[in-house]
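Let's take a walk through this protein and the ligand it holds. Keep the viewer open and click along as we go.

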Amino acid sequence: MTLSQARIAIIGAGPAGLTLARLLELAKIAYVVFERDESAALAGEYSSSGTLDIHEKLGQSALKEAGLLDKFQSIARYDVPTRIVDAQGKVIVMIPGESNTHKPEIARKDLRNLLLSSIPDKAIRWGCKVEDVQKDNDGSVSIHLTNGQVVSGFLLVVGADGAWSKVRKLITSEKPQYSGTHFFTTFIKPEDPTYTSVASVVETGNYLAMGNGRQIFLHYLGDRSYHLSVGLKLPENWTSSSMMFHDSSALWKSLLQNEFIEWTQELTKLISSSNRSFRSWPLYSTPEKSVDWKHIPGVTLIGDAAHLTVPTGEGVNNALYDSAELARQIIKCGIDDLDSAVIIYEKEMLPRALKAIGKGKWYTEHFFGADTPQSFLQASMKS
Ligand SMILES: Cc1cc2nc3c(=O)[nH]c(=O)nc-3n(C[C@H](O)[C@H](O)[C@H](O)COP(=O)(O)OP(=O)(O)OC[C@H]3O[C@@H](n4cnc5c(N)ncnc54)[C@H](O)[C@@H]3O)c2cc1C
């Protein structure tokens, strides 16, 4: 398919963009995906995060519609137990694997590969970073790439470009707001000196340690490695103003000395290896007002571009479901009535987005509250 044949442009080859691409592919509707990563192999920051649980009603139903549920089930991990412990390592909650079978886990890179393998290579324009998206005088939408190229002529431009969407500004003037919290993430591979002790504690499950508004999460990834996240409250500009961002050993040392002083060494030793590289994730959320938008012809948003929240375990599920809902309406209304399709999609999605943003706020308050994990568990029981 040439660029001029594509009727729908999707910006971003994350879970939302790729699921929509797959569904349009099945429906034989011409589309193109613009992705900033240089190639599938160079998946940039995408590969630097861990495992996702895919829920029956949202994520799995979208994968079913995309004809990918069987393949998903063959690579997903069922029966993954979750242990929640306090800052002293005392087990507070143990959720056995059997209770988690309705939301199996998949490594992020495996989900991306599953979706990528379901559409032709040529559907994705790799290395195409979008700089701006404009509504032109004739009402059409033009996409401006950082390489200077301008592409237009699409009937619909779908922003699936995540937290810092370039499409969002055509729909709302609201911007993501900093949640006050950060995650630092890294992988622990079998060759890591701490691997054996991590493996003996976490085994093949999820291990969530919470205390005094701080967290150490470890997730087994299925390929023998572990994903480690350290969560805490920090000022927004902490990473840019701190030398520690460039020096991982100083970062971990500081974290251990200042932030986890009251934690048992059994836990802090899990994060004390000095020579790992890590990624910093300041966590943002779009405000409620941002999902109160009026329909703009020719453009819409799916996934984090539409409703960014701090991680709650639902972000990717909502992203997949958005794609399924939008594709469903496009197929129903037909390529000549995309406006109606988008209006119906947005009517279903916006209240769901509002709920997701509310849940994100709840998580920030209770996950990072001073008296976690008790406050989190009490609030979970009430909600
Ligand atoms: C630390 C962390 C942990 C998380 N854990 C979970 C979890 O356990 N469970 C869960 O459900 N969710 C989790 N989430 C949220 C989840 O990652 C997102 O909700 C999900 O990835 C959204 O998918 P998306 O396709 O909308 O956006 P993304 O996954 O952000 O994909 C956007 C795509 O667009 C591309 N792109 C961005 N800008 C441009 C541009 N200008 N031009 C071209 N391409 C561009 C990106 O390269 C990327 O490929 C977590 C998020 C974070 C930060």
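Four elements each put at least two residues into the shell around the ligand: α1 (15–26), β3 (51–53), α4 (108–116) and α9 (315–333). The biggest giver is α9, with three residues. Bear in mind that you're looking at a predicted model.

The whole shell comes to 31 residues, and the closest of them are Glu35, Arg108, Val130, Asp304 and Val316. What is the chemical mix of that shell? By class, there are 14 nonpolar, seven polar and ten charged residues.

Now zoom in on the oxygen atoms of the ligand. Val316 offers a polar backbone atom that sits 2.9 Å from a ligand oxygen. Gly313 also uses its backbone, with an N or O atom 3.4 Å from an oxygen atom of the ligand. Arg112 works through its side chain instead, where an N or O atom lies 3.2 Å from a ligand oxygen. And how much of the ligand does the protein cover? On its own the ligand has 1000 Å² of accessible area, and the protein covers 87% of that.

Next, pull back to see the chain as a whole. The domain assignment splits the protein in two. Domain 1 is pieced together from 3–77, 105–176 and 286–367, while domain 2 is the single stretch 178–284. Taken over C-alpha atoms, the centres of the two domains are 29 Å apart. Where they meet, domain 1 brings 18 residues to the contact and domain 2 brings 21.

For a look inside domain 1, which includes 105–176, try Leu156. This residue is in strand β11 (residues 156–159). Is Leu156 buried or exposed? Its relative accessible area is 2%, so it counts as buried. Its contacts beyond the immediate sequence neighbours include Arg7, Ile8 and Ala9, then Gly298, Val299 and Thr300, and also Ile330, Leu338 and Val342. Ala6 makes a nice illustration of the fold here: Leu156 and Ala6 are 150 residues apart in sequence, yet their C-alpha atoms are 9.8 Å apart in space.

Follow the chain on from β11 and you reach Thr172, in the loop between β11 and β12 (177–188). A loop residue needn't be out in the open, and Thr172 counts as buried because its relative accessibility is 12%, under the 20% cut-off. Its side chain reaches the backbone nitrogen of Glu174 at 2.9 Å.

Over in domain 2, which runs over 178–284, have a look at Gln215 in strand β14. Gln215 has a relative accessible area of 0%, so this one is buried too. What does Gln215 touch? Setting aside residues up to four places away in sequence, the list is Phe183, Ala209, Met210, Ser229, Val230, Gly231, Phe260, Trp263, Phe367 and Phe368. With Phe367 there is also a polar contact: the backbone oxygen of Phe367 lies 3.2 Å from a polar atom of the Gln215 side chain.

Ser254 is another stop in the 178–284 domain, this time in helix α7 (residues 248–259). At 18% relative accessibility, Ser254 is under the 20% cut-off and therefore counts as buried. Compare its position with that of Leu115: the two are 139 residues apart in sequence and 40 Å apart in space, C-alpha to C-alpha.

Finally, here are a few backbone oddities to click on. Lys28 isn't a glycine, but it has a positive phi of about 60°. You'll find Lys28 in the loop between α1 and β2 (31–34), and at 76% relative accessibility it counts as exposed. Asn212 plays a similar trick, with a positive phi near 50° in a residue other than glycine. Asn212 sits in the loop between β13 (206–211) and β14 (214–220), and a relative accessible area of 28% makes it partly exposed.

The last oddity is a peptide bond. Thr372 and Pro373 are joined by a cis peptide bond, with omega about 5°. Look for Pro373 in the loop between α10 (338–367) and α11 (374–382).

Definitions and conventions
Residues are numbered from 1 along each chain as its sequence is written. This is a predicted model: local features need pLDDT of at least 70, side-chain atom pairs count only at pLDDT 80 or more; totals for chains, interfaces and linings use all residues. Side-chain values use heavy atoms; hydrogens and water are left out. A residue is near a molecule or strand if one of its heavy atoms lies within 4 Å of it. A polar contact is a pair of N or O atoms within 3.5 Å; within protein, one must be able to donate a hydrogen and the other to accept it, and residues adjacent in sequence count only if both atoms are side-chain atoms. Accessible areas come from the Shrake-Rupley method with a 1.4 Å probe; for residues, only the protein chains shown count as cover. Ala, Val, Leu, Ile, Met, Phe, Trp, Tyr, Cys and Pro count as nonpolar, Asp, Glu, Lys and Arg as charged, and the others, Gly among them, as polar. Buried means under 20% relative accessible area, exposed over 50%, partly exposed in between (1.4 Å probe, protein chains only). Contact means heavy atoms within 4.5 Å. Domain bounds come from an automatic or database domain assignment.
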